Amino acid sequence: MKNIVLIGMPACGKSTVGYWLSKKTGYPLLDVDKYLEEKENRVISDIFSNEGEEYFRELETKYLKELSEKEGIIISTGGGAVKKKENIDILKQNGIVIFLNRGIADISKENHENRPLLQDIDNIQKLYNERIDLYRKYADIIIKNNDDMDVIVNRIITSLKGKL
């Protein structure tokens, strides 16, 4: 059984869609950021502050490898996982990569109290510009996340038919 891998901007709905997709498919959902925090017994913001982004990306790759060895799970990646091609190569070995595409206007409406990179629209736009081509390039399937959750989950399930 292949894994379902969700990629996309921070706050594009990977965790929420993953949760509902898990309920509908029975595939367990594993959030990479939460998994990393549990394994390291630290929050990501502390890792960024103390060791920097490069160290965090090394940890992220390590745990993506661990998770990718499992079968029949939904992997919700961090928004920056696409910054290292190695991560995508790891995820594609046993997974179908789905890009949840959500517009900047919708992302900026959300409460980002715990997400320092998303505090202002200019930074959201900057992240989007840096990553959009990578999300599109690495996606096996692109799903626009701009509808009712049932509709989105059903679109994903329909798109996955015959691929898992």
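Which residues is glycine 79 in contact with, leaving aside its neighbours within four places in sequence? The views below, taken from a predicted model, begin with this residue.

**View 1. Glycine 79 and its contacts in the loop between strand E3 and helix H5.** Leaving aside neighbours within four places in sequence, glycine 79 is in contact with Gly8, Met9, Pro10, Lys14, Arg131 and Tyr135. The loop that holds glycine 79 runs between strand E3 (74-76) and helix H5 (85-93). Glycine 79 has a relative accessible area of 11% and is therefore buried, the limit being under 20%. An unreviewed UniProt entry places Gly79 under the annotation "binding site", together with Asp33, Arg57 and Arg131.

**View 2. Arginine 57 in helix H4.** Helix H4 spans residues 53-68 and contains arginine 57. Its relative accessibility is 10%, so arginine 57 counts as buried. Beyond four places in sequence, the contacts of arginine 57 are Phe48, Gly80, Ala81, Lys83, Lys84 and Arg131. Arg57 and Arg131 both carry the "binding site" annotation in the unreviewed UniProt entry.

**View 3. The salt bridge between glutamate 53 and lysine 83.** The closest N and O atoms of this pair are 2.8 Å apart. The bridge links distant parts of the chain, with glutamate 53 in helix H4 and lysine 83 in the loop between E3 and H5, 30 residues apart. Glutamate 53 is partly exposed at a relative accessible area of 30%, and lysine 83 is partly exposed at 40% relative accessibility.

**View 4. Two further salt bridges, and a network.** Eleven salt bridges are found in a search of the whole structure. One of the pairs is lysine 85 with aspartate 89, whose closest N and O atoms are 2.7 Å apart. These two residues are four apart in helix H5, so about one helical turn separates them. Lysine 85 is partly exposed at 45% relative accessibility, as is aspartate 89 at 36%. Aspartate 147 pairs with arginine 155, and here the closest N and O atoms are 2.9 Å apart. Aspartate 147 is partly exposed, with a relative accessible area of 40%, and arginine 155 is partly exposed with 28%. Elsewhere, salt bridges that share partners join Glu53, Arg57, Glu60 and Lys83 into one network.

**View 5. Strands E4 and E5, which run parallel.** Four bridges join the two strands. Asparagine 101 stands opposite lysine 144 in E5. In a regular strand, side chains alternate between the two faces of the sheet. Along E5 (residues 141-144), Ile141 and Ile143 point to one face and are buried, whereas Ile142 and Lys144 point to the other face and are not.

**View 6. Arginine 102, in the loop that follows strand E4.** This loop lies between strand E4 (95-101) and helix H6 (104-109). Arginine 102 counts as buried because its relative accessibility is 16%. A polar atom of the arginine 102 side chain lies 2.9 Å from the backbone oxygen of alanine 11.

**View 7. The largest nonpolar core, with 47 residues.** The residues with the most contacts inside this core are Ile4, Met9, Ile98, Leu100 and Ile156. Helix H7 (residues 121-138) gives the most to the core, with six residues. Not counting residues up to four places away in sequence, isoleucine 98 touches Ile4, Val5, Leu6, Ile7, Ile141, Ile143, Ile156 and Leu160. Two of these, Ile141 and Ile143, are the buried side chains of strand E5.

How values were computed:
Residues are numbered from 1 along each chain as its sequence is written. This is a predicted model: local features need pLDDT of at least 70, side-chain atom pairs count only at pLDDT 80 or more; totals for chains, interfaces and linings use all residues. Side-chain values use heavy atoms; hydrogens and water are left out. Buried means under 20% relative accessible area, exposed over 50%, partly exposed in between (1.4 Å probe, protein chains only). A polar contact is a pair of N or O atoms within 3.5 Å; within protein, one must be able to donate a hydrogen and the other to accept it, and residues adjacent in sequence count only if both atoms are side-chain atoms. Two strands pair if DSSP finds at least two bridges between them. UniProt positions are given in the numbering used here, feature names are shortened, and annotations may be inferred rather than shown by experiment. Contact means heavy atoms within 4.5 Å. A nonpolar core is a set of buried Ala, Val, Leu, Ile, Met, Phe, Trp, Tyr and Cys residues joined through side-chain atoms within 4.5 Å. A salt bridge is a side-chain nitrogen of Lys or Arg within 4 Å of a carboxyl oxygen of Asp or Glu.
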